[in-house]
Amino acid sequence: MVSPVSEDATEDLQKTPGALVAQALVEQELLHAEMAKHQVPQWPGDIIMIQSEHTGAVDILSADLESADLLGDHRKVSPPLMAPPCIWTFAKMKEFKSKLGKEKNSRLVVKRGEVVTIRVPTHPEGKRVCWEFATDDYDIGFGVYFDWTPVTSTDITVQVSDSSEDEDEDEEEEEEIEDPVPVGDVERGSRSSLRGRYGEVMPVYRRDSHRDVQAGSHDYPGEGIYLLKFDNSYSLLRNKTLYFHIYYTS
């Protein structure tokens, strides 16, 4: 005995493949219309759940998607490229250390495994930043970055962290950097996540600051804060005594 076939089932069986494709396209357009009514999430890891009033289907979308039609382009814009600095050395090591050894806040010890960051805001009366530094007995890593941020004070400040990795984590907590780039070897030049947020003037490399005074300058690219990084994170045993002079010129 053959059971009767409902009208709906008969109608479904009579649908051609072309009709099914057309129906799918209509449902997709209706879903896009539903999405337009909702605000797109702004942070990675967030999701949106949309249920169609017409079909009842539920779609789950992640904010990490890079679909220009659905969620727009949320890829992070990289900082502008920086002009290279002028760098040089000079050999009057003893005179340099003797002079700075007598001045306040011009000498400090960078302990083993530490990174010291000297934050130098741009000055309204200046056009470039200049630096000079030397160390006792051993070399040290050094690099310069630029933070594109409004300047509220011209005070120079010093920040100490246990390592370049810890320092990058601190910066991420402040700005919630997306997809940080792994920290590199200071021997070959640091490739830390700082480049995701800051302009890189010069990467961190080990400098022979125990043999010659290291000096350099960089023209202001605009308003912001220079980050002069003295990196001793690669040293497991030795502290480094650092003599430094940082100033601006017009």
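**A tour by selection**

The second largest pocket has a volume of about 180 Å³. The model you have open is a predicted one.

**Stop 1: the pocket lining**

Select E103, K104, N105, S106, R107, L108, I156, V158, F244, H245 and I246. These residues line the second largest pocket. Now colour them by type. The lining divides into 5 nonpolar, 3 polar and 3 charged residues.

Which elements give two or more residues to this lining? They are strand 4 (107–110) and strand 12 (240–249). Strand 12 gives the largest share, with 3 residues.

**Stop 2: the open sheet**

Next, switch to a cartoon view. Look for an open sheet of 5 strands, in the order 8-5-11-7-9. Its pairing is antiparallel. Select 157–161 for strand 8 and 199–207 for strand 9. Why is one side of each left without a neighbour in the sheet? Strands 8 and 9 stand at the edges, and each has a single partner strand, so one side stays unpaired. Turn the view to follow the twist from one strand to the next, which averages 15 degrees.

**Stop 3: a pair inside the sheet**

Select residues 115–121, which are strand 5, and residues 225–231, which are strand 11. How many bridges join them? The two strands pair in the antiparallel sense over 7 bridges. Strands of a sheet pair through backbone hydrogen bonds. Then pick out V120, which stands opposite Y226 in strand 11. Keep Y226 selected for the next stop.

**Stop 4: the cores**

Add W131, L228 and F230 to Y226. Of the 22 residues in the largest nonpolar core, these four touch the most other members. Many strands feed this core: strand 4, strand 5, strand 6 (128–135), strand 7 (140–147), strand 9, strand 11 and strand 12 each supply at least two residues. Which of them supplies the largest share? That is strand 7, with 4 residues.

Now clear the selection and choose F96, L100, A134 and Y243. They are among the members of a second, separate core of 6 residues.

**Stop 5: W88**

Finish at W88, in strand 3 (residues 86–90). Show its surface. Is W88 buried or exposed? W88 is partly exposed, with a relative accessible area of 39%. Add G216 to the selection. W88 and G216 are 128 residues apart along the chain, yet their C-alpha atoms are separated by 6.0 Å.

Definitions and conventions
Residues are numbered from 1 along each chain as its sequence is written. This is a predicted model: local features need pLDDT of at least 70, side-chain atom pairs count only at pLDDT 80 or more; totals for chains, interfaces and linings use all residues. Side-chain values use heavy atoms; hydrogens and water are left out. On a 1 Å grid over the protein atoms alone, a cavity is a set of points where a 1.4 Å probe fits but cannot get out, and a pocket is an open set with protein on both sides within 12 Å along at least five of seven lines; lining residues have an atom within 4 Å of a point. Grid points are joined across faces, edges and corners, and a volume is the space filled by probe spheres set on the points. Ala, Val, Leu, Ile, Met, Phe, Trp, Tyr, Cys and Pro count as nonpolar, Asp, Glu, Lys and Arg as charged, and the others, Gly among them, as polar. Two strands pair if DSSP finds at least two bridges between them. Axes are lines fitted to C-alpha atoms, for helices over the stretch in contact, and angles run from 0 to 180 degrees between N-to-C directions. A nonpolar core is a set of buried Ala, Val, Leu, Ile, Met, Phe, Trp, Tyr and Cys residues joined through side-chain atoms within 4.5 Å. Buried means under 20% relative accessible area, exposed over 50%, partly exposed in between (1.4 Å probe, protein chains only).
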